[in-house]
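Here is a short briefing for a reader who has not met this structure before. Please look through the sequence and the model first.

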Amino acid sequence: MTPAARVQAAIDVLDLVIEAARTNGAPADRLIADWFRPRRFAGSGDRRAVRELAYRAIRGCGEVPASGRAAMLRVAQDDAALAALFDGSRHAPEPITPGEPVAAGGIAPKWLMERLAASGVSEAEAAALLDRAPLDIRVNTLKAGSLTLPEGAERTVAANGWRYPPETRIEQTPAYTTGAIEVQDTGSQLTCEAVAARPGELVIDLCAGAGGKTLALAAAMENRGTLVASDADRARLSRLTPRAERAGATIVETVLLDPGREMQALGRFAGKADAVLVDAPCSGTGTWRRNPEARWRLTEKQLARYAGMQARLLDVAAGLVRPGGRLIFVTCSLLDAEGAGQAEGFLQRHPGWQSRPPALPAGQVRGQGLRLSPFHDGTDGFFVARFDCV
Ligand SMILES: C[S@@+](CC[C@H](N)C(=O)[O-])C[C@H]1O[C@@H](n2cnc3c(N)ncnc32)[C@H](O)[C@@H]1O
């Protein structure tokens, strides 16, 4: 593809991303992959270039742009070489006409910027949510025997964490294919460390999804004890089993939950767990580095729904913890409604519990918990709190 054709391709892709943001359709990553599937003529360089252009435009527009072209014109405003590619030649975008609509720049929709500011997130901190994420890995201590790490890694503050540049292709390396390393953001690794899971314990990962955190907990437990991984999404949970096999995690028991009736499947663990991790469904404001178009999709109503779910799941989790045990609450959000506010609410509803903010090598105190952010910590954004059942 010519450079100009790549720009038009990015515009076409952006139109799909914008439409999906309005109709709750597929995420940008999937749309881009689907767009290229029938276009065999496009090589890997084309794909990379189109993807980068599309993401540059997505990152640059705080509000949902009117069209892919308007979003790309926003990028072209500050990039003369890009603007010159709007030349109307074959497969290229039409020339720019004077007064043509250009999408507004910005970090996030106005209402979200207000909610972030009210949550103590400065504009610079909000802007860093749109940085490009590095590639973090966790060495899987269950499998790391004679591990040779692929070159280019730097240590992170996580106990078994290393960092590579974003473009590193780790998936083809023997370290990855043998399960000796897992791709996991440093912030995510730290939230697992906050659980302080120990060998021999009964630990429940209530919202385990496909097991990103479950595998780290299994390693911390040295494959001794019981690790229950539950979730209400059958498809996600089904991906956990092969991942656990690859990682050599043998203590994981998966439990599919019926939303609203979680205790039906988990009743046998009531009041028995040493630790319960609630990695709750949330708005994902802390993961915009990976899917920046998510900020175009979120509504105040959805945010309120997530907050309601989080409070309910915290209450479910409280019923699973034994006296003396601990509950760890995590969201990948910087909004207080899904962080400090939830922690306050929990302590008010459960007077017998004590807050004990986790001692982590990163993060800033926020209310009764800790907040990790790309700006301060170079991680995805997270809120993590720990409550002890006294
Ligand atoms: C933030 S994601 C979990 C990510 C996962 N822990 C990881 O590290 O990869 C939140 C999860 O909560 C799950 N969920 C939603 N409602 C639930 C419920 N009522 N009970 C348990 N899990 C639920 C979602 O299916 C989703 O997988």
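The points below cover the ligand shell, an open sheet and an annotated site. The model is predicted. A ligand is surrounded by 18 residues, an open sheet is built from 4 strands, and a UniProt record places an active site at C332.

**Ligand shell**
- Of the 18 residues around the ligand, those that come nearest are C207, G209, G212, A232 and D233.
- Two elements, α10 (212–220) and β6 (226–231), each give two or more residues to this shell.
- Sorted by class, the shell holds 9 nonpolar, 6 charged and 3 polar residues.

**Open sheet**
- The 4 strands follow the order β2-β3-β1-β4, and their pairing is antiparallel.
- At the edges are β2 (154–155) and β4 (181–183), each of which pairs on one side only.
- Strand β1 (residues 135–139) runs antiparallel to β4, and 3 bridges join the two.
- Across from R138 stands E182 in β4.
- In general, strands of a sheet pair through backbone hydrogen bonds, in either a parallel or an antiparallel way.

**Annotated site**
- The "active site" feature at C332 comes from an unreviewed UniProt entry.
- C332 lies in the loop between β9 (321–331) and α15 (340–349).
- C332 counts as buried because 26 other C-beta atoms lie within 10 Å, where the cut-off is 20 or more.
- Leaving aside residues up to four places away in sequence, C332 touches C282, G284, G286, T287, D380, G381 and F382.

Conventions:
Residues numbered from 1 in each chain as written. Predicted model: local features only at pLDDT ≥ 70, side-chain atom pairs only at ≥ 80, totals over all residues. Near = placed C-beta within 6 Å. Nonpolar A, V, L, I, M, F, W, Y, C, P; charged D, E, K, R; others polar. Pairing = 2+ DSSP bridges. UniProt positions renumbered as here; feature names shortened; annotations may be inferred. Buried ≥ 20, exposed ≤ 12 C-beta atoms within 10 Å, placed from the backbone. Contact = placed C-beta atoms within 7 Å.
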